[in-house]
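Here is a brief report on one protein chain. Keep the structure open while reading.

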Amino acid sequence: MSTDIQSISSDIPRRMLTICIGAPIVFLLLSDGTSSKIFLTIVHFLCGIEWITALVPRRIQKQALQEYRLKLILRAWLVLSVAISVLIMKDEKYIGNAIIRFSCLNVASRLLSRFGNIDAKSMDAYQHVLDGFLFITTGFSSLLFISVSAGFMHALFFALVVWNGDTGALIAGRLGKFLHLKYPSKFPSDLVSLLVPSFITKIVFKVSPKKTMTGFLGGLVLSVITAFYLPFLLNAVFHLLCEDKAAFYCQAEVESRQIKSLQEIVPGELIETGLLLSMGGICGDLFESAIKRSADQKDSGKLLPGHGGLMDRMDSMLFAASIYVLYVIT
């Protein structure tokens, strides 16, 4: 039992060290529009490399490395993904239209692969590309919109709410497992799953067996708490540090469009924002888990100690970013 308990917390020190070193650097880069655009474009490119290497579906992994046609398709996607995200980040309408079109293409592709008489390996490659456009391209274009058009305060708020949701899920999930191992007769392995309809738990555990409903609830709660109190905390901090408080709230006006400042989001909307971002983070996490499962990979890479690859850190932000752009600040 002691070995099991130690394994639950074995990677937490590395995770915390990575966060303590990386988070200040990330926030510093996001504080300026130009540096944030360069930084997010580089991260997008690196995530794209993971997408066309480690996360390629298992059935075409060898062909993706050897066959010229599949290599060309995947590399062309990487270039197009970065270019499209930079082009459509200027307007939330472009982002919304891109999400709709990529979603329709994705559904059509899945129907075609299921009912059409098409080579399965070629279809897997095209499906992986379309998944990448829907998940990565639109996600990073939304992140670019938040950091460049909406400004530093929105980028800071968004990142902290989503990251705290991840942290809450990790702590609650690990705590639930610890209590079950320590007191198995008193605490079931996943207490919250007993309150969730079975069809939901079956879908979730099929995609990601190691996830727990207790973890999801912990992430949801901490996201809502962060979203509710963070604007007031940031207001107090920047009021002390800076005379021109309005500059930090970045009430940006791009062309004829007015973007909401954090001050304009009422408490009820803040709670709704926390819920939406948490649900978007969970969907992104599960989506990448399904992709990793199809690729037979535990992590998307080894770049971040304790976290895995960049995609393992960014997955919860990509769907959530589009939600934030389309339903919260515009």
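## A buried glutamate

Glu288 has a relative accessibility of 0%, so the residue counts as buried. Burial here means under 20% relative accessible area. The model is predicted. Glu288 sits in helix 12.

Which residues does Glu288 touch, leaving aside those up to four places away in sequence? The contacts are Leu55, Phe135, Ser300, Met311, Asp312 and Asp315. Two of these names return below: Asp312 in a salt-bridge network, and Phe135 in an aromatic cluster.

## The charged network around Lys292

Glu288 forms a salt bridge with Lys292. The closest N and O atoms of this pair are 3.9 Å apart. The cut-off for a salt bridge is 4 Å. Both residues belong to helix 12, which spans residues 267-295. They are 4 residues apart, so about one helical turn separates them. Lys292 has a relative accessible area of 12% and is therefore buried.

Lys292 also meets Asp312. Their side chains make a polar contact at 2.9 Å. Asp312 lies in helix 13, residues 310-327. Is Asp312 buried or exposed? Asp312 is buried, because its relative accessibility is 12%. The side chain of Asp312 has a backbone neighbour as well: one of its polar atoms lies 2.9 Å from the backbone nitrogen of Gly309.

## Other salt bridges

The salt bridge count comes to 6. One of them joins Arg313 to Asp166, with the closest N and O atoms 2.6 Å apart. This pair links distant parts of the chain. Arg313 is in helix 13, Asp166 is in helix 8 (residues 152-182), and their positions lie 147 residues apart in sequence. Arg313 counts as buried, because its relative accessibility is 17%. Asp166 has a relative accessible area of 22%, so this residue is partly exposed.

Another salt bridge brings together the side chains of Asp299 and Lys298, at 3.9 Å from N to O. How do these two residues stand with respect to the surface? Asp299 is partly exposed, because its relative accessibility is 28%. Lys298 reaches 63% and therefore counts as exposed. As for bridges that share partners, they join Glu288, Lys292 and Asp312 into one network.

## Aromatic pairs

How many aromatic pairs are counted? There are 11. One of them is made by Trp77 and Phe133: the ring centres are 6.3 Å apart and the planes stand at 65°, so the pair is edge-to-face. The angle matters for the label, because planes over 60 degrees apart count as edge-to-face.

Trp77 belongs to helix 5 (residues 68-88) and Phe133 to helix 7 (residues 120-150), so the pair ties together parts that are 56 residues apart in sequence. Trp77 is buried, because its relative accessibility is 1%. Phe133 has a relative accessible area of 9%, so this ring's residue is buried too.

Trp77 and Phe133 are also members of one aromatic cluster. Its other members are Trp51, Phe102, Phe135, Phe287 and Phe319. Phe135 gives a link back to the opening section, as one of the residues that Glu288 touches.

## A nonpolar patch on the surface

Which residues make the nonpolar surface patch? They are Ile38, Ile42, Phe45, Leu46, Ile49 and Leu303. The patch covers about 530 Å². Ile38 is placed in helix 3, which runs over residues 33-52.

## The chain as a whole

The protein has 13 helices and 2 strands. It contains 330 residues, and 48% of them count as buried. Its accessible surface comes to about 17,100 Å². Carbon and sulfur atoms hold 66% of that surface.

What share of the contacts with a separation of 6 or more comes from residues 24 or more positions apart? The share is 76%. Two pairs described above serve as examples of links across the sequence: Arg313 with Asp166, 147 residues apart, and Trp77 with Phe133, 56 residues apart.

Key. Residues are numbered from 1 along each chain as its sequence is written. This is a predicted model: local features need pLDDT of at least 70, side-chain atom pairs count only at pLDDT 80 or more; totals for chains, interfaces and linings use all residues. Side-chain values use heavy atoms; hydrogens and water are left out. Patches are made of residues with over 30% relative accessible area and no salt bridge: like charges are joined within 9 Å, nonpolar side chains (Val, Leu, Ile, Met, Phe, Trp, Tyr) within 5 Å. Accessible areas come from the Shrake-Rupley method with a 1.4 Å probe; for residues, only the protein chains shown count as cover. Buried means under 20% relative accessible area, exposed over 50%, partly exposed in between (1.4 Å probe, protein chains only). A polar contact is a pair of N or O atoms within 3.5 Å; within protein, one must be able to donate a hydrogen and the other to accept it, and residues adjacent in sequence count only if both atoms are side-chain atoms. Rings of Phe, Tyr and Trp (its six-membered ring) pair if their centres lie within 6.5 Å; planes under 30 degrees apart count as stacked, over 60 as edge-to-face and the rest as tilted. Contact means heavy atoms within 4.5 Å.
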